[in-house]
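Me: I'd like a close look at one part here, the salt bridges. Could you walk me through a few of them and where their partners sit?

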Amino acid sequence: MALPACAQTPANPSAPGTPAATLAAATTATEPAAPPRSALDAPLFYQLLIGELELRGGEVGYAYQVILDAARRTRDEALFRRSVEIALQARAGEQALAAARAWREVAPASVEAARFEIQLLLALNRGGEIAQPLRTLLEQASDADRAGMIGVLPRLFQRQTDPSLIATTIEPVLAPYAERGDTRTAVRVALARLWRSAGQRDRALALLRDAARDDPLAPAPLLLAVEMMGESRDADALLADAMRSPQVEPEVRAAYARALTSAQRYPDAIAQLEQVTQTRPELPGPWLTLGALRLELRDTAGAEQALQRHVELVQRSDAADSPPASGDADDDASPGARGSLTQAWLLLAQAAEQRGDLDAAERWLARIDDPGQALQVQTRRATLLARRGDVDAARALVRAVPERNTQDARAKLLAETQVLREVERWDDAYRVLDTVGERFADDTDLLYEQAMLAEKMDRLDDMERLLRRVMAIKPDHHHAHNALGYSLADRRLRLDEARALIVRALELAPGDPFITDSLGWLEYRVGNLDASVRLLREAYATRPDTEIAAHLGEVLWVKGERDEARRIWRDAQRRDAGNSVLRETLARLRVDL
């Protein structure tokens, strides 16, 4: 009788002559052969045969006991492995762990047994018992592999419920490698990650600083510092020091740029990406991000230069990998390349629109043939139509995009609202969102958008009602707190309440430049000019937005620092001359630049 379950034992089959190997050979041979010298005697053969038959008959518990007993008697690692597998098949984690531990008692140096025990302890959320098998695994690892093994340890423990216990357990296991040149940095970074997960950020930062001091350009400490930027100014300072070196790896600098972008520190992100594109000009990705950020800061010429470079690199790379058969490189681009090109063309269309060349914008949009971006492309086309004065055709274009699901319907509502906002049709945009009814009654994005439209229409009661509803549905919605606080401060209404709202928004989104701008504007409204200038400078340095520039310039103007005010306003006007807040500020203060 064939025993396929035994014959299919995975991973590292036992050497010829062991009971498991001999049993597998005996049950799969098709022709007589001279029996190999083996420890498999008749009683053991029948014991294994009974175990496998019981397993096939559904008696998993009995099969497990039979095979584990045979493994203990013969000290055969293949049989221990088989008993672990049988327990796992029955989803009996404790029994699988018992078998793995019995295996390690017989073969203390077995890497496979240690791995099984570690995996089972983690699955059973018993990470505090992992020290001994982990010690075995590290001792048996080659010098070339050990640092990498230590580096991945924190990921193994992500789902453990007691991170402090994990850190306390692992620290002594790693102690023998903490001062070795080939593992020192890996140990410090791994422990820093574990203590950070345990909530001990100061301890994590101390380890991080030690690692960076030992090897200032090592990627692992710097990447962890990037992750901790929002948690500690020390991590930010460590990165700022490291990034002064031109030898920092481009991948690390690009990760830092992404974190800066997430923090809305666009000028700092641009500076890092410019270094990446100088060091590795052949990489297309950084050019795309650089173009998007320059466009956000209304550096249209710089954005177009970066985006066109990205398009050139992607098309060149794709042509080299697979020469086009159709004669059109764009049609034959890989899916990843097409997605990248689509983003670039959308941004190039936006750049052309910024400088008023609507025909060029349409030409860029015409290059996009991506069904997944149909709504985004049609929204940009609709915006061009609206700016040319044909608002009805623009709205019809958005409405004609097919709806595959509820999310598509929601996206179309936002897209139509965006088109109407572009041409300052506030009433029409408000009515679009007023028709959503119960379908999207608790959608905080739609409610917030409608509140901002109510503010534009000076319907302050409606604005506050909508924002309060957003905060009731999502108490951590920092934009809603900030919007209501700023609107009250700007109108000099309920200033104490305005301050509480803005401070709460900053607690929810520390360092957000627009919220910092709101707080600075509030200080201006209550007469604290020095505090106002300090906050507005901080916001403007982080995000040189035109409206922040208008606020900072006004406070400087009132303080008598008029030359600096004019300089800031001129810079903002050069980037965004049509901004309504800047125009209103200059008109109200009767300033001619």
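Reply: Here's a tour of the salt bridges, with a bit of background first and a pocket at the end.

Keep in mind that this is a predicted model. The protein chain has 33 helices and 0 strands, and 48% of its 593 residues count as buried. Among contacts between residues at least 6 apart in sequence, 52% join residues at least 24 apart.

On to the charges. Side chains of opposite charge can pair when their charged atoms come close. A search of the whole structure turns up 66 salt bridges, so let's pick three.

Start with Glu-312 and Arg-316, whose closest N and O atoms are 2.5 Å apart. Both belong to helix H18 (residues 300-321), and because they are 4 residues apart there, about one helical turn separates them. Glu-312 is partly exposed at 36% relative accessibility, and Arg-316 is partly exposed too, at 48%.

Next come Asp-442 and Arg-469, which meet in a salt bridge at 3.3 Å, N to O. Asp-442 sits in the loop between helix H24 (426-434) and helix H25 (444-456), while Arg-469 is in helix H26 (residues 460-473), so this pair ties together parts that are 27 residues apart in sequence. As for cover, Asp-442 counts as exposed, with 52% relative accessibility, because the cut-off for that label is over 50%. Its partner Arg-469 is partly exposed at 34%.

The third pair is Arg-567 and Glu-564, with 3.6 Å from N to O. The two lie 3 residues apart in helix H32 (residues 562-575), about one turn of the helix. Arg-567 is partly exposed with a relative accessible area of 43%, and Glu-564 is partly exposed with 21%. This pair also belongs to a network: salt bridges that share partners join Asp-530, Arg-537, Lys-559, Glu-561, Glu-564, Arg-567, Asp-571 and Arg-574.

Now for the pocket. The second largest pocket has a volume of about 770 Å³. It is lined by 25 residues, and the closest to its centre are Asp-236, Ala-263, Arg-265, Pro-510 and Gly-511. Helices H14 (233-242), H15 (250-262), H29 (513-525) and H30 (529-542) each supply at least two lining residues, with H30 giving the most, 5 residues. By type, the lining divides into 10 nonpolar, 8 polar and 7 charged residues.

Notes:
Residues numbered from 1 in each chain as written. Predicted model: local features only at pLDDT ≥ 70, side-chain atom pairs only at ≥ 80, totals over all residues. Heavy atoms only, no water. Buried < 20%, exposed > 50% of the residue type's maximum accessible area, 1.4 Å probe, protein only. Contact = heavy atoms within 4.5 Å. 1 Å grid on protein atoms, 1.4 Å probe; cavity = no way out; pocket = protein on both sides within 12 Å on 5 of 7 lines; lining within 4 Å. Points joined across faces, edges and corners; volume = space filled by probe spheres on them. Nonpolar A, V, L, I, M, F, W, Y, C, P; charged D, E, K, R; others polar. Salt bridge = Lys/Arg side-chain N within 4 Å of Asp/Glu carboxyl O.
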